[in-house]
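User: I've got a structure open and would like to go through how its helices and sheet pack. Could you walk me through it?

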Amino acid sequence: MTFANVKLILTREIRDQLRDRRTLFMVLVLPILLYPLLGMSFVQIQQFLKQKPARIWVVGARQLRDLPTLIDGTRFANEVFDNPVEERDRLLLSFPSDEAAPQTVTVEDLIDEARQKVLAREYDAAICFPEGFGARAAGNRTTGDQATANQATANQATGEKDSTDAASEEEPGIRPPRIFYVSATEKSLLAFARLSRVLESWEEKLVEKNLVEAGVPIRAAQPFDLETEDLTQQTDYRGAALWSKLLPVMLLLWAMTGAFYPAIDLCAGEKERGTLETLLSSPAERSEIVLGKLLTVMLFSMLTAVLNLISIGITAWLVFSQRPEFALPSPSAIGWLALALVPIAALFSALCLALAAFARSSKEGQYYLMPLMLVTMPLAVMPMSGGVELNLGNSLIPVSNVVLLLRMLLEGNYWPALQYAPIVIAVTLIACMLAIRWAVDQFNSEAVLFRESERLDLRLWLRHLFRDRKVTPTVAAAGCCAVLILVLRFYLGSLITPPTDFAGFLRMQFAVQFLVIAGPPVAMALLLTRSTKQTLLLRSPPSLALPAAVLMAIVLHPVINAIGKMVTHLYPMDERIGQMLQGIFTPEPPLWQILLVIAVLPAICEELAFRGFILSGFRHMGHKWRAIVFSSVLFGFAHMVLQQQLIAGLVGLVIGYIAVQSGSIWPCMLFHVTNNSLGVLVNMIPAQTVRSYPILNWMMARNEGGAYSFAWPVVALGAVAAAYLLLWFSRLRYERTEEEQLQETIERIYREDMA
């Protein structure tokens, strides 16, 4: 690689971008204008957006005369508010007119009326004080006792049981006030929250009055007052709680947005202008062209992120500077953000460059922003929830690990952050290298760079789909099949009630495996391909491939078991899942039924789908390993539990390699059956059996939970044996697709030219 060529391409692309008014507006002008305009709009909106008071219907207020003041006219009294100036006018009270004539209308009638008024949305909430509440709350039992006596006399006259005494025995003390509200309405829910705070404050004053009248010191009920002291003012991290959640997300989003539009102009835009062919015909290598364009996109990505963050900081300072709790981020935060910006910009620049190279036009390239946002947003926003912390498991998740690391650094938690910083840096760099490699591969593919725009005609497309069928499915058909399986898996898993016994689990597995996993690929193979046998790899394998696959599953199982332990340690399984599985297999069903559901059935259906139809379609990309990796990732996503997804994705790499090298689905099914069966049998080994046989006692080690797993010497020996078997499979001559043959020829010619 000649860096002089990279420099020439870099200066050329920067010059072209600086001539583009749209790019200059997005990078330079928009950040300067956007946030001040938003700040001005926020200030203006606050001036005319005033909260209307919540309408409250009050029943039984006439009983509260002898209690601490709660109601003052049509408002609650100032004494029950912490800040009466701001809070008193937020609640507007109304009272029933029939309360003045209690002899004709009972309190229960008024309570029913209050309930109906809230349901009819005439009032946002209602507060109802039951009959006798005031007298009992004040400690005066006369009124309540007289009411009880009158009720008892009436019951004796009618021969009924004294329900009042029964109720008083069942519910001693004061019947509490009742609040009616509708949680489906935000205003009603807000009124309920305000009412609850008012009544809590009033209850405290009522307790204080009763204690004083009873001659009991108030300190007896409240022996101490809690004193708090916020030490943030003595540190450099005032306002870090806000900035640590806002700045990392904004940095990621603006770095991605700043990279996307220049990347579209440098790739899809050049296709439309017809200048890409001139650049490709120059003496510069494709990797030099990609690197020059990548550095240009990175420069604009970093510039966009920096200008937006500066504009956000200045605008927020001007708008919220009068609030004492607000503070600008510390100077160290600026340094951490600057360090993180370089790998983030490199990652998103490479991704955007590859997507832009794949696009036929600028208009099509803009459509790819939404999928990129949909993938990035959850990874960037989910770590902002309070319960998510940076640990070994989370440090392995791209994008999320950077957000968590920046959050801890901005909060001043340096030591926990620096412990995982090397892992975060390594994962981010690996992701950057893979993205750059993808961008280089896009520029090395003539079929990608010179794709022509097309207009979809549904009738002609369907005719072409069935008339021009190939022997095996296309890449698009394989991708559509995988997406269909995942979507059906999601909906079926959401609609089906989780089973509580083994019979329900058996029915669910048959439905999922046959209808969701195996159904779409088999149907698409019959409809969209000329050879179902070749598509699903239903061919005879080479000699010794079947026993080699079984032996591979046996020697590799200890390694898979150890990987499973590490995965569950990094990402602990939800206890509810373990309890559900324990309930399903209690009482324990026959062994043959367990093996049928867990080993045999998934081996047949999942292999037909992922190592049959999907892998056969992905191999038309021209890279067998790319097809193996993509099909393995989708195979992992087909499992519903995160821990199973990770383990299945890794195991899928081995099974996919066996499928490619042997050219048959049968060794894959045998490997799948053997591996799953061993997992069931190992978990069912009794402790007495392990202790009785010395060989098992040497091979197995007991975990803290009481279950057995393989000892590390067995894991190491299994890894060595598996490597030898993989070497044996690599020596098999496999049938290459036309695309793989063409790609190998291009790479061989390129190496010869370079030599």
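User: Let's start with a pair of helices: in which hand does α24 pass α28, left-handed or right-handed?
Analyst: Keep in mind that this is a predicted model. Helix α24 covers residues 545-570 and helix α28 covers residues 642-662, and their axes sit 10 Å apart at an angle of about 160°. Angles over 145 degrees count as roughly antiparallel, so α24 and α28 are roughly antiparallel to each other. As for the hand of the crossing where α24 passes α28, it's right-handed.

User: And how many charged residues are there in the contact of α24 with α28?
Analyst: On the α24 side you'll find, among others, Met552, Leu556, Ile560 and Ile563. α28 brings residues including Leu646, Ile647, Leu650 and Val651. The whole contact divides into 12 nonpolar and 4 polar residues, and the number of charged ones is: no charged.

User: Moving to α22 and α26, are they roughly parallel or roughly antiparallel to each other?
Analyst: Helix α22 spans residues 502-528 and helix α26 spans residues 591-618; their axes come within 9 Å and cross at roughly 15°. The crossing, with α22 passing α26, is left-handed. Since angles under 35 degrees count as roughly parallel, the answer for α22 and α26 is roughly parallel.

User: How many nonpolar residues does the contact of α22 with α26 have?
Analyst: From α22 come residues including Phe502, Phe505, Phe510, Phe514 and Ile517, while α26 adds Ile594, Leu601, Phe610 and Phe613, among others. Gln509 and Gln513 of α22 take part too, as does Glu606 of α26. Sorted by type, the contact has 1 charged and 3 polar residues, and the nonpolar count is 20.

User: Thr535 caught my eye; is it buried or exposed?
Analyst: Thr535 lies in helix α23, residues 532-535. Leaving aside its neighbours within four places in sequence, Thr535 is in contact with Val471, Thr472, Pro473, Ala525, Thr529, Gly612, Phe613 and Ser616. The relative accessible area of Thr535 is 0%, and the cut-off for this class is under 20%, so Thr535 is buried.

User: Now the open sheet of 4 strands: which strands stand at the edges?
Analyst: The strand order is β4-β1-β5-β6, with mixed pairing. Neighbouring strands are turned by 25° against each other on average, direction ignored. An edge strand here has a single partner, so one side is left without a neighbour in the sheet; that describes β4 (91-94) and β6 (178-181).

User: What is the bridge partner of Val58 in β5?
Analyst: Strands β1 (residues 54-59) and β5 (residues 125-128) run parallel and are joined by 4 bridges. In β5, the residue paired with Val58 is Ile127.

User: Which strands of the sheet does helix α8 touch?
Analyst: Helix α4 (residues 107-119) packs on this sheet too, touching β1, β5 and β6, and its direction makes about 165° with that of β1. For helix α8 (residues 186-213), the direction makes about 165° with that of β6. The strands α8 touches are β1, β4, β5 and β6.

User: Last one: how far apart in space are Asn676 and Ala603, C-alpha to C-alpha?
Analyst: Asn676 is found in helix α29 (residues 666-683) and counts as buried at 18% relative accessibility. Beyond its neighbours within four places in sequence, Asn676 is in contact with Ile598 and Ala599. Asn676 and Ala603 are 73 residues apart in sequence, and their C-alpha to C-alpha distance is 8.6 Å.

Terms used
Residues numbered from 1 in each chain as written. Predicted model: local features only at pLDDT ≥ 70, side-chain atom pairs only at ≥ 80, totals over all residues. Heavy atoms only, no water. Axes fitted to C-alpha atoms, helices over the stretch in contact; angles between N-to-C directions. Helix = DSSP H or I, 4+ residues; strand = E, 2+ residues; numbered from the N terminus. Parallel < 35°, antiparallel > 145°, perpendicular 65-115°, else oblique. Left-handed = near helix turned anticlockwise from the far one by under 90°. Contact = heavy atoms within 4.5 Å. Nonpolar A, V, L, I, M, F, W, Y, C, P; charged D, E, K, R; others polar. Buried < 20%, exposed > 50% of the residue type's maximum accessible area, 1.4 Å probe, protein only. Pairing = 2+ DSSP bridges.
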